[in-house]
Amino acid sequence: MITEDFYRDYQSRLLVGDRTGCTARVNSLLESGIQIRDLYIHLFQRSLYEVGQLWEFNKISVATEHLCTSITESLISLTYPYMFSAPHTGKSAVITCTPGEYHQIGARMVADYFEMSGWDGYFLGANTPLTELIRFIGEKKPDVVAISMSVAFSLSSLSGLIREVRRQYPGLAIILGGQGLKWTDHVIFEGVPNVHVVMTLDELEQNFMKPSARVA
Amino acid sequence: MSPELQNILLRYLADDSSVLCLVFTREGKITYSNVYAETLTGLKLEGLGIEEIFLYLGPVPDAAGYLEHPDEKVLINIKTASGMPGTFYFRFYPFQGSVLGLGEADTTEMAQLQNNLLLLNQELNNLSRELQKKNAELTRLNDLKNQFLGIAAHDLRNPLGSIMGFSEILAEDLGKTLNADQQDMLRIIHSSSEFMLHLLNQLLDIAQIESGRLVLEKQNTDLSALLSKNIELNKVLASRKNIAIDLVPGMHRPELYIDPVKIEQVLSNLISNAIKYSKPGTVIRVELSLSNGKAVVCVRDQGPGIPEEETSRLFSSYYTTSVKSTGGEKSTGLGLAISKNIVQGHGGEIWVESRVGEGSAFSFSLPLEP
């Protein structure tokens with residue numbers, strides 16, 4: 001349903017900040033009955049990865065990157081009337097970002113994926129204080145906690161967060177994801193029990209949300 | 001500095017930099033502007049007055065005043081081509097009898113603004129997600145409630161039917177052999193189970209309505225005849241309290257396309273309410289008329305009336321008024337809500353006019369054309 005031409009048209013509008021044009025295109029896909037998963041992977045994720053690469057290679061400014069992210073976050077909200085009506089499995093996840101980071105869109109998409117699979121996906125936005133996260137986990141008693149790291153510089157913050165969550169909730173499954181982990185040696189997490197590194201939404205769905213998944 | 005370097009820097013300032021460069025006379029007329037100034041403002045600036053681009057809420061200061069504190073940073077807001085004002089920090093210098101102004105945007109401030117906007121946008125989107133999630137949860141809970149109501153009501157009807165039926169049979173067969181107290185007990189068993197059955201039927205109706213499963217089986221119906229029939233049935237109930245019911249027919253159109261069973265349910269509800277709240281010896285008037293292309297039925301009583309602050313909530317589910325019935329009759333709080341849904345399902349409206357001490361008039365309209 002998302003042809004290459006469609007994608008290129010959408011991406012070019014996103015890069016110039018054409019919110020109206022992007023909204024119209026996403027609405028047309030939703031009205032035609034596109035699977036939300038397809039929208040997330042083949043439009044939102046793909047375009048944001050491309051925006052991230054353009055920024056990394058100094059092809060676009062920080063301001064443009066922020067604009068693209070903001071527009072995409074607004075577009076994701078258009079999917080919510082279609083998303084929250086999935087029958088619930090009784091499982092829940094708390095999804096958050098590494099302390100000090102402001103990029104939350106990846107984590108938000110993960111939270112939405114949990115919802116699409118019938119989980120309760122509780123999304124705590126960027127820069128949630130650690131004490132608030134610990135309290136919230138105690139309140140909701142989720143089956144997993146998912147933490148996103150967008151930039152590799154946040155690794156020590158992430159390690160601190162994992163240690164504290166593990167200390168307070170020894171048996172809780174922790175999922176790590178985000179572009180920042182692309183450049184990180186995952187071996188540092190291997191000694192920590194029940195911590196799983198997941199690099200794509202597909203992998204998340206296959207390993208954690210299918211009924212046969214062994215975790216949670 | 002070598003002349004060559006000077007030339008490079010000057011060319012850069014003139015053509016490529018994001019420093020706003022203006023020269024204007026002491027009277028405020030612009031005689032030079034660099035490429036950035038013209039791109040930013042969207043104007044050909046030479047010949048214009050500085051008041052065309054410097055934003056002031058008050059009177060425009062004398063241009064020569066800018067030289068009072070040369071080389072000091074001055075905040076000036078500039079009218080830009082986008083319509084949004086841009087904040088620049090200028091330094092002003094005397095230049096060949098005119099004023100040279102060099103202005104730069106505060107990048108720290110802009111970065112902060114950008115960040116704040118990003119955070120605000122994130123917060124807004126997060127709140128939107130939260131709201132949608134809670135809405136979905138509420139819808140799920142409401143569906144569960146309706147399912148439960150439907151099952152409970154359905155499963156309780158049969159046993160209640162048995163209680164009612166057998167208590168009637170016992171009263172008929174054993175009536176003469178029972179003492180007054182025992183006869184009373186049987187009457188109470190019967191009337192209590194009748195009330196419970198009525199409540200269960202209403203709960204089933206509400207569950208159907210809220211699940212969107214209210215089905216209207218419309219057919220051509222003589223509304224006058226329906227009214228007459230319903231009034232005759234309710235006269236039995238009314239006569240127990242010595243209350244009269246009068247029909248005032250004012251419409252001669254024979255038929256409407258309506259669900260007769262459901263409309264009769266509305267009529268029964270309004271008339272039985274009127275009986276409930278009327279004193280013995282009073283009259284209930286049922287009026288049928290034509291108004292603005294609609295048939296209007298009005299049930300008017302001489303009861304105590306309803307306080308004004310309650311009238312807006314009367315048609316809500318489970319709402320019971322503070323007004324007491326005159327014969328100790330109970331209310332489920334569902335009848336008017338169900339009536340409202342039935343009438344609205346027909347494309348009509350339902351409303352009340354009431355004053356304390358002057359009685360109440362409950363009316364509903366039905367469209368003449370389907």
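Colleague: Hi! Where is the place of Asp120(A) in chain A?

Modeller: Happy to help! In this predicted model, Asp120(A) sits in strand 2 of chain A, which covers residues 120–123.

Colleague: Is Asp120(A) buried or exposed there?

Modeller: Asp120(A) is buried, because its relative accessible area is 16%, and the cut-off for buried is under 20%.

Colleague: And which residues does Asp120(A) touch, leaving out those up to four places away in sequence?

Modeller: In chain A they are His88(A), Lys91(A), Ser92(A), Ala93(A) and Glu115(A), and from chain B there is Lys133(B). With Lys133(B), the side chain of Asp120(A) makes a polar contact of 2.5 Å.

Colleague: What separates the C-alpha atoms of Asp120(A) and Thr89(A)?

Modeller: They are 8.4 Å apart, while the two residues are 31 places apart along the chain.

Colleague: Switching to cysteines: how many disulfides turn up over all chains?

Modeller: Zero, in a search of the whole structure.

Colleague: Why is there no bond for Cys22(A)?

Modeller: The closest cysteine sulfur belongs to Cys68(A), and at 8.2 Å from the sulfur of Cys22(A) that is too far for a bond; a disulfide needs the sulfurs within 2.5 Å. Cys22(A) is also buried, with a relative accessible area of 0%.

Colleague: Nice. Now chain B: what order do the five strands of the open sheet take?

Modeller: The order is 2-1-5-4-3, with antiparallel pairing. Strand 2 (30–33) and strand 3 (74–79) of chain B are the edge strands, each pairing on one side only. From one strand to the next, the twist averages 35°.

Colleague: How many bridges join strand 1 to strand 2 in chain B?

Modeller: Three, and strand 1 spans residues 20–24. One pairing to look for is Phe24(B) with its bridge partner Ile30(B) in strand 2 of chain B.

Terms used: Residues are numbered from 1 along each chain as its sequence is written. Chains are lettered from A and ligands numbered from 1 in the order in which they are written. This is a predicted model: local features need pLDDT of at least 70, side-chain atom pairs count only at pLDDT 80 or more; totals for chains, interfaces and linings use all residues. Side-chain values use heavy atoms; hydrogens and water are left out. Helices (H or I, at least four residues) and strands (E, at least two) are DSSP runs, numbered from the N terminus. Buried means under 20% relative accessible area, exposed over 50%, partly exposed in between (1.4 Å probe, protein chains only). Contact means heavy atoms within 4.5 Å. A polar contact is a pair of N or O atoms within 3.5 Å; within protein, one must be able to donate a hydrogen and the other to accept it, and residues adjacent in sequence count only if both atoms are side-chain atoms. Two strands pair if DSSP finds at least two bridges between them. Axes are lines fitted to C-alpha atoms, for helices over the stretch in contact, and angles run from 0 to 180 degrees between N-to-C directions.
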